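Dear colleague,

I am handing over the structure we spoke about, which you will find directly below. After it I have set out what was found, in an order meant for someone who has not seen it before.

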Amino acid sequence: MDRTARSEIEHRWDCTDFEGRRADEILAAFDRGGGYDALKCRASIPLSRNVFEQATNDRHEQPLRLVAKAASGLDSFDLDAADDLGVTVLSTPGANAGAVAELTIGLMLDALRGISKRDRALRSGDWGTAVDGMPVRSLSDSRVGLVGNGAIARAVAERLTPFGAEVWVHGSPRFTAEEAARWPAYRAENLRALLTGCDIISVHVPAAPATTGLIGARELRWMKPGSVLVNTSREQVVPEDALDAALRDPSCGLGHAAVDVFATEGESFSSRLASNPHATLSPHVGGMTLSAMKASSERLLDEIARFYANTSEDTP
Ligand SMILES: NC(=O)C1=CN([C@@H]2O[C@H](COP(=O)(O)OP(=O)(O)OC[C@H]3O[C@@H](n4cnc5c(N)ncnc54)[C@H](O)[C@@H]3O)[C@@H](O)[C@H]2O)C=CC1
Ligand SMILES: O=C(O)C(=O)COP(=O)(O)O
């Protein structure tokens, strides 16, 4: 793409960037006109069939025909509705995988070593609580189980190997033994074997009907005594109420959870986990490193340019 075309697209997208806006604000902008035919928005914005129907109806000067998201999970969009109404959806799967993997490992280390908990205790002058529970398990002595076999799970597996952790993976039914042989990890027979056999479980599957409640109250009970669960995928996969209850139940093995994704995110955030002493919370920032955001934006920009080049007479 030449420089002029790129800067024109950048300008266009500066003007039509709905980052952080709610669906009703987006629709209001469409209703006011302004010639928008595309939206760029974050993973958390819910685009329902109703939103797609309203944004594509012919009272708009330019009906919606493109939604672009510099991220991986598309669960908050009604993709069937987009398809039915002829709206193209672009995203950048994999571009933030390394960033999410780094946060995941940071959360594992925090859970094992109690970094944030000890920091809080020391700040209140409580040395006794700060050194409570020492010595602790090392990542190099841990068996780590990954749920999912996509870009993030792979990036986590690759980064865990130099730590000396033993990595196991439970993937989709299409994750064959042959494919697993190319991973720096062992393939678990099934989810139960993974959960019962590992010291740390980290979840990397998309939110979908088939993964909703994939790790709920029953599955959390399968986990080893003193084990750790990290969820950077979506809340629906490990419902936070079940997680909170398991962490508060002394008969349940799970010892600590570290979570980057919640049922309610943003200004209206609220979660039972916020008052749970066995949880570490992170505000959905897995993909937010400068390099991952740059890589995602660059890729999205190229795809947007390709979309307009292929479909539009008014290519920017
Ligand atoms: N916390 C954050 O900031 C971020 C969170 N995410 C979340 O992480 C998810 C995974 O991201 P990627 O690895 O990039 O996606 P991906 O599409 O590369 O990988 C997902 C993998 O899950 C597997 N899978 C699907 N259903 C499964 C099941 N029932 N059991 C086992 N495996 C199953 C798929 O086969 C696929 O290999 C995203 O869908 C998103 O929800 C992604 C990026 C940033
Ligand atoms: O890539 C993803 O799926 C993410 O969760 C990133 O989320 P965001 O778009 O930064 O809210």
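Before the details, one term is needed: two strands are said to pair if DSSP finds at least two bridges between them. Please also keep in mind that this is a predicted model.

With that term in hand, the smaller example is β1 and strand β2, the latter covering residues 66-69, which run parallel and are joined by three bridges. Within this pair, Ala38 of the chain stands opposite Leu66 in β2. These two strands belong to an open sheet of three, in the order β1-β2-β3, and the pairing in that sheet is parallel. Its edges are β1, at 38-40, and β3, at 88-91, each of which pairs on one side only. If one ignores direction, neighbouring strands of this sheet are turned by 15° against each other on average.

A second open sheet has seven strands, which follow the order β6-β5-β4-β7-β8-β9-β10, again with parallel pairing. Here the edge strands are β6 (186-187) and β10 (279-281), and each of them pairs on one side only. Inside that order, strand β4, made of residues 143-147, pairs in the parallel sense with strand β7, made of residues 200-203, over four bridges; one position to look at is Val144, whose bridge partner in β7 is Ile200.

Next comes the ligand. The space that ligand 1 takes up is the largest pocket, and 23 residues surround the ligand, the closest being Ser72, Ala151, Ile152, Thr232 and Asp260. Asp260 also places a polar side-chain atom 2.9 Å from a nitrogen atom of ligand 1. The backbone takes part as well: a polar backbone atom of Gly150 is 3.1 Å from an oxygen atom of ligand 1, while a backbone N or O atom of Ser172 lies 3.3 Å from a nitrogen atom of the ligand. Ligand 1 taken alone exposes 850 Å², of which the protein buries 82%.

Finally, two places in the backbone deserve a look. Most residues other than glycine have a negative phi, and most peptide bonds are trans. Against that background, the peptide bond that joins Met134 and Pro135 is cis, with omega at about -5°, and Pro135 lies in the loop between α7 (127-130) and β4. His284, although it is not a glycine, has a positive phi of about 50°, and its place is in the loop between β10 and α13 (290-311).

With kind regards

Methods
Residues numbered from 1 in each chain as written. Chains lettered and ligands numbered in written order. Predicted model: local features only at pLDDT ≥ 70, side-chain atom pairs only at ≥ 80, totals over all residues. Heavy atoms only, no water. Axes fitted to C-alpha atoms, helices over the stretch in contact; angles between N-to-C directions. Near = heavy atom within 4 Å. Polar contact = N/O pair within 3.5 Å; in protein donor to acceptor, adjacent residues only side chain to side chain. Areas by Shrake-Rupley, 256 points an atom, 1.4 Å probe, with all protein chains shown as cover. 1 Å grid on protein atoms, 1.4 Å probe; cavity = no way out; pocket = protein on both sides within 12 Å on 5 of 7 lines; lining within 4 Å. Sits in = over half its atoms within 2 Å of the grid points.
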